[in-house]
Amino acid sequence: MEADFVFVDEFVAGIRWNAKYAIWDNFIGRPVDGYVANRIVGTRALCAALEEARDEAESLGFGLLLWDGYRPQRAVDCFLRWSRQPEDGRTKLRHYPNIDRTEMFEKGYVAAKSGHSRGSTVDLTLYHLATGELAPMGSDHDLMDSISHHGAHGITQVEARNRRYLASIMAASGFRSYYCEWWHYTLKDEPYPDTYFDFPIAPTAPALSRSRRGSA
C-alpha cells in the first residue's frame with residue numbers, strides 16, 4: 001500500500017472488524033475480487049476520524065465494529081458482473097428480498113463507482129462494550145430494502161435510537177451519512193475525493209493503481 005493507506009486495526013485501537021467481502025457472508029455469497037485478507041484498509045485521515053468516533057462511542061457505552069472500508073475497484077466491477085448473472089436465489093431472501101439484483105445499482109444500494117474505493121468510507125455498526133453483543137439496528141449489513149434507510153418505518157424504538165446514536169457519533173467525528181444505508185459513512189474532508197483505487201486488500205499489499213474518472 002502507498003503511505004497514506006493503512007490497516008485500520010493497526011491505527012485505531014479497540015475496534016472490532018469482520019470484512020464481509022473477504023468471506024462468504026455477503027450479498028454475492030462468496031469472497032469478492034480484491035479481498036484477499038480479512039482486514040479493513042483506509043486512509044490515515046479515515047483512521048484519525050475513527051479514533052474520534054471510537055471515543056464518542058465509548059462515552060455512550062458502545063464499541064465500533066467495521067464491516068468494510070477501502071474497496072478495490074475490481075470488487076465493484078465484480079458486483080456489476082454478478083448483478084447481470086441469472087438469479088439463483090442463494091442470497092436474495094437475506095439481502096434483496098423485494099428487488100431484483102439488476103435493480104441494486106439504479107436504486108442506489110451499489111454504485112459502479114463507489115465512495116469506498118476512494119479510501120475514506122466505512123460500513124460499521126455498534127456493539128455494547130459491557131456484553132460484546134451487537135446493538136440491534138433493525139436490519140443487517142447490506143439488506144437492500146427501505147427498512148435500511150435512515151428514518152425507516154417498521155423498526156423498534158430501540159433500533160431507531162441505536163441508529164441515531166451511530167449517526168450522532170459519526171457526525172461528531174466528521175462523517176456524512178448515506179440515506180439508503182444506516183451503516184455507511186464517508187469522511188466529509190476525504191483526502192481523495194476524485195480518485196478510485198484498485199490495489200487488492202492483502203496481508204502485504206502490492207503497489208497501488210488508481211484511476212481518475214469522475215466521482216460517484
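Here are a few notes on a helix, a hairpin and a pocket in this predicted model.

1. Let's start with helix α2, which runs over residues 44–59. Its 16 residues reach 23 Å from the first C-alpha to the last, close to the 22 Å expected at 1.5 Å a residue.

2. Which residues of α2 are buried? They are Leu46, Cys47, Ala49, Leu50, Ala53, Arg54 and Ala57. These residues cover an arc of only 160 degrees around the axis, so they sit on the same side of α2. As a reminder, an α-helix has 3.6 residues a turn, so residues three or four places apart point the same way. Note that the buried set includes Arg54 as well as Leu50.

3. Have a look just past the end of α2, too: glycine 61 takes a positive phi there, of about 90 degrees.

4. Next, the hairpin. Strands β6 (residues 175–178) and β7 (residues 181–187) pair in the antiparallel sense, with four bridges between them. Two residues make the connection from β6 to β7. If you want a place to check the register, arginine 176 stands opposite threonine 186 in β7.

5. Now for the largest pocket, whose volume is about 370 Å³. It is lined by 24 residues, and the closest to its centre are Ala111, Ser114, Gly115, Tyr178 and His184.

6. Which strand gives the most to that lining? It is β7, with four residues. β5 (121–128), β6 and β7 each supply at least two residues. By character, the lining of the largest pocket divides into nine nonpolar, eight polar and seven charged residues.

Terms used. Residues numbered from 1 in each chain as written. Predicted model: local features only at pLDDT ≥ 70, side-chain atom pairs only at ≥ 80, totals over all residues. Heavy atoms only, no water. Expected span 1.5 Å × (residues − 1). Buried < 20%, exposed > 50% of the residue type's maximum accessible area, 1.4 Å probe, protein only. Arc of directions from axis to C-beta. Pairing = 2+ DSSP bridges. 1 Å grid on protein atoms, 1.4 Å probe; cavity = no way out; pocket = protein on both sides within 12 Å on 5 of 7 lines; lining within 4 Å. Points joined across faces, edges and corners; volume = space filled by probe spheres on them. Nonpolar A, V, L, I, M, F, W, Y, C, P; charged D, E, K, R; others polar.
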